[in-house]
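User: I would like to learn how to read a predicted model feature by feature, with the general idea first where there is one and then the case at hand. Could we go through it together?

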Number of protein chains: 2
Amino acid sequence: MAVVVSLGGERREKPRANMDRLSALVADDLKRVNDIILARMHSPVALIPQLAGHLIAAGGKRLRPMLTLASAHLCGYRGDSHLKLSAAVEFIHTATLLHDDVVDESDLRRGMASANAVWGNKPSVLVGDFLFSRAFQLMVEEGSLPVLGILSHASAVIAEGEVQQLITSNDTETGETAYLDVIRAKTAQLFAAAAHIGALLAGRPKVEEEALDSYGLNLGIAFQLVDDVLDYSARQIELGKTIGDDFREGKITLPVILTFRRGDEEERRFWRRTLEALDQNPGDLSHAQMLMERHGALRDALERARHYGAIARDALGIFPDSEAKRALTEVVDFCIERAY
Amino acid sequence: MAVVVSLGGERREKPRANMDRLSALVADDLKRVNDIILARMHSPVALIPQLAGHLIAAGGKRLRPMLTLASAHLCGYRGDSHLKLSAAVEFIHTATLLHDDVVDESDLRRGMASANAVWGNKPSVLVGDFLFSRAFQLMVEEGSLPVLGILSHASAVIAEGEVQQLITSNDTETGETAYLDVIRAKTAQLFAAAAHIGALLAGRPKVEEEALDSYGLNLGIAFQLVDDVLDYSARQIELGKTIGDDFREGKITLPVILTFRRGDEEERRFWRRTLEALDQNPGDLSHAQMLMERHGALRDALERARHYGAIARDALGIFPDSEAKRALTEVVDFCIERAY
């Protein structure tokens, strides 16, 4: 049985932030992006759109492509290039999800059977490669070398982050800095790139490019921190999602790092047994949650998320008030408040 | 025991073609390409250069990057862009090898333990992604959108070919056309792109771009046909390499397709048992070789390879005589004659 972990008293007291403003802002564009996604995941090899469609139709939030669309809005961009580039961002994201699920041996993704669970690892690897190539084709069609530079760099950094995560997996000695390096690379880099290219397309000054890059990077860090908290949180159960995936895989996330460092030797033996040796018994997940509660680890991990969220919000400070700015600000609130 | 399969009487009667002329032509350039490869597979995540270096140092022939270098020579290119682009071609090739070995569950590559056998599938997938991203970073640095277009297209086609191969794997009904589609995509497309970009860099007329693309494409088809013959050939054993990898994996290559179609029902039952059901006993590989000998399948598969080799040679016809042209012509001879 899962322990209910409380994350502070403010829960449900004010209206919850959501993505409605962002969704409304980019609704028309996103429809066109979805059309591009469907058209361009096509291949004469039928398994490719089948497998890619399984994941893409399973409906992620399209958060990353929406960031590209919204940042283009924010910067007053008037062309059409943001549409294909937004699709390219989603393709890169989908490719990394496909490869992630192979690497993590995940059976579930977005509440459905993962592609590797349905079709096996092999086509998941290859369809990931296909989508990755397609992303670059879309970028080439738009003809922007700076965008190609940003997204090829982001892709290399994501792969580095994933390898680094693999190395530190199951190592309870992992510190907060190493953890942050991993999530900055594997998650936040693509958020940063997605937001950055809106400013680039609009030909805005360097300082605005940097602001949107920083916004995306810090939002991405906050997003991943909250994700890692939710994997141990009662809130996740309320949302109808399972918890404990990270625990079962022995992933060393910030809630574990804080609890391990604040705990005594007996507690550390527990973490070494469950996360290093992966020797897990019924009740271990609940015990892990209880230890996290004892040391305030989820609460403090969310405090860290709020810190990065604040940086993201302030990065937008140089932009004049607009619907796009309000939408991007609310995304930060939403990404953090979904933990409560 | 392997049956000695004879492939015609002309063996060893004339001096064997080799790659010496090509190697001499590009020696200086290739040294610089190797330096770029070593420098650019670097990452602060040490496992990445370790794993990539294992494969890259294991010393492929560097055939694909040499095609880029030689075609740049042929077209009188005078800059330095061919060096990084040649490295990019090798990175894409290495990335596909890493993913191939995961997909094929191969334990050996170039006579050494494969990366997936040493480090496992997970880092092989991710380091492949890293090298693929690096390839695009190198291309962006050279700033040629047409080259980016050619290589991103080639990468998508390669992935399609690999998925198609996966689908037709273990299906003895696969015909020669479907087989050709697969090898054209998974192998020949990168040969074509590698040769093509030399002409593109030099700003040569479209007809020369197309000639080098056709040269590479047909050379690549011939190369793969010979590879597939060698996997059943006594010549491979003479070269100190093992045979039968394709047989054990149930890959449907041209020697199998020809033998299956020319055989009687009892023979087809043999192929279905061994390659579809993968129910294999000692002696089956020798029996397969005997059937291929009976139906002249290896001989005729090589005849097909010579056909594509001839097209490749003729594609170079529009270029005036030069050391580069002689070198590229000899590569065709070498790729085919290595079967004898």
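## Reading the model

User: Where in chain A does Asn170(A) lie?

Analyst: Asn170(A) sits in the loop that links helix H7 (145-168) to helix H8 (176-201) of chain A, and, as the model is a predicted one, its backbone angles are to be read as computed values. Its phi is positive, about 65°, although the residue is not a glycine. With 16 other C-beta atoms within 10 Å, Asn170(A) is partly exposed, because a residue counts as buried when 20 or more such atoms lie within that distance and as exposed when there are 12 or fewer.

User: What is the phi of Asn170(B) near?

Analyst: Asn170(B), likewise not a glycine, has a positive phi near 65°, and its place is the loop between helix H7 (145-168) and helix H8 (176-201) of chain B. Asn170(B) is partly exposed, having 16 C-beta neighbours inside 10 Å.

User: How should I read the relation between the chains, and by what turn can chain A be laid on chain B?

Analyst: In general, two copies of a chain are related by a rotation about an axis together with a shift along it. Here a turn of 180°, with a shift of 0.0 Å along the axis, lays chain A on chain B with an RMSD of 0.0 Å, which means that the relation is that of a two-fold axis. The same surface serves both copies, since 100% of the contact residues of chain A recur in chain B.

User: How many residues does the contact take from chain A and from chain B?

Analyst: The contact draws 35 residues from chain A and 35 residues from chain B. On the side of chain A that touches chain B, helix H2 (47-57), helix H4 (81-104), helix H6 (121-142) and H7 each supply at least two residues, and the largest share, 14 residues, comes from H7(A). Sorted by class, that side of chain A holds 20 nonpolar, 10 polar and five charged residues.

User: Where is the kink in helix H1 of chain B centred?

Analyst: A bend is read as the angle between axes fitted to the seven residues ending at a position and the seven starting there. Helix H1 (residues 20-40) of chain B has a kink of about 65°, centred on Ala27(B). The buried residues of H1(B) are Leu22(B), Leu25(B), Val26(B), Asp29(B), Val33(B), Ile37(B) and Arg40(B), and what covers them includes helix H3 (63-74) and helix H16 (323-337) of chain B.

User: Which residues touch the most other members of the largest nonpolar core?

Analyst: That core has 231 residues, and those touching the most other members are Ala70(A), Ala222(A), Val226(A), Ala70(B), Ala222(B) and Val226(B). Leaving aside residues up to four places away in sequence, the contacts of Ala70(B) include Leu22(B), Leu25(B) and Val26(B), along with Ala324(B), Ala327(B) and Leu328(B).

User: How many helices and strands does chain A have, and how compact is the chain?

Analyst: Chain A has 16 helices and two strands. Its radius of gyration is 20 Å, close to the 20 Å that the globule rule gives for 340 residues, so chain A is as compact as a globular protein of that length. Buried residues make up 53% of the 340 residues in chain A, and, among its contacts between residues at least 6 apart in sequence, 78% join residues at least 24 apart.

Key:
Residues are numbered from 1 along each chain as its sequence is written. Chains are lettered from A and ligands numbered from 1 in the order in which they are written. This is a predicted model: local features need pLDDT of at least 70, side-chain atom pairs count only at pLDDT 80 or more; totals for chains, interfaces and linings use all residues. Copies are superposed by least squares on the C-alpha atoms of residues with pLDDT of at least 70 in both. Two residues are in contact if their C-beta atoms, placed from the backbone, lie within 7 Å. Helices (H or I, at least four residues) and strands (E, at least two) are DSSP runs, numbered from the N terminus. Ala, Val, Leu, Ile, Met, Phe, Trp, Tyr, Cys and Pro count as nonpolar, Asp, Glu, Lys and Arg as charged, and the others, Gly among them, as polar. A nonpolar core is a set of buried Ala, Val, Leu, Ile, Met, Phe, Trp, Tyr and Cys residues joined through C-beta atoms within 7 Å. The radius of gyration is taken over C-alpha atoms; the globule rule is 2.2 Å times the number of residues to the power 0.38.
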